[in-house]
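Dear colleague,

Please find the sequence and structure below. A summary of the findings follows.

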Amino acid sequence: MSTKDLGKFGEDLAVDFLKKNGYKILTRNFRNKFGEIDVVCVENNTLVFVEVKTRWSQKFGSPEESITPWKIRSIIKTSQYFKLLHPQTPEALRLDAVVIEMDKSGEVQRMEIIRNLTS
């Protein structure tokens with residue numbers, strides 16, 4: 001499985017997981033010149049921007065370790081643009097991550113929502 005395929009597979013898993021945890025999905029893969037947001041959703045009247053990270057191994061660190069300060073800044077800029085385009089969405093904003101670790105056979109070993117990455 002290519003990295004791109006793994007990312008898509010991980011996003012599909014994350015969307016299902018978010019729905020099961022009460023998130024309402026608005027859109028996926030929102031892009032602009034600042035970057036991309038994997039999933040945009042609403043939870044408890046909060047607009048949530050979700051970064052999804054999926055890993056086969058810890059060779060390059062855990063999934064959450066790959067969410068760099070640069071990536072967070074990119075998501076924040078992109079989320080501000082999304083909010084400008086969609087003023088009817090909730091005023092409260094939050095950045096979450098879904099981290100997924102899989103074994104070589106494709107079984108999920110860990111899937112977790114990390115809430116509020118910026119605090």
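Helices (H or I, at least four residues) and strands (E, at least two) are DSSP runs, numbered from the N terminus. The model is predicted, and local features need pLDDT of at least 70, side-chain atom pairs count only at pLDDT 80 or more, and totals for chains, interfaces and linings use all residues. Residues are numbered from 1 along each chain as its sequence is written, and side-chain values use heavy atoms, with hydrogens and water left out.

Asparagine 29 lies in strand β1 and has a positive phi, near 55°, although not a glycine. Because its relative accessibility is 25%, it counts as partly exposed (buried is under 20% relative accessible area, exposed over 50%, partly exposed in between; 1.4 Å probe, protein chains only). Asparagine 116, in the segment after β5 (108–114), also has a positive phi, near 60°.

The buried residues of α2 include Ile72, Ile75 and Phe82. Among the elements that cover the buried residues of α2 are β1 (24–32), β2 (35–43), β3 (46–55) and β4 (93–102).

The largest nonpolar core (buried Ala, Val, Leu, Ile, Met, Phe, Trp, Tyr and Cys residues joined through side-chain atoms within 4.5 Å) has 13 residues, of which Leu18, Val39, Val50, Val52 and Val98 touch the most other members. At least two residues of this core come from each of α1 (3–20), β2, β3 and β4. Another core, of 12 residues, lies apart from it and includes Val40, Val42, Phe49 and Leu95. Beyond its neighbours within four places in sequence, valine 39 is in contact (heavy atoms within 4.5 Å) with residues including Val15, Leu18 and Ile25.

With kind regards
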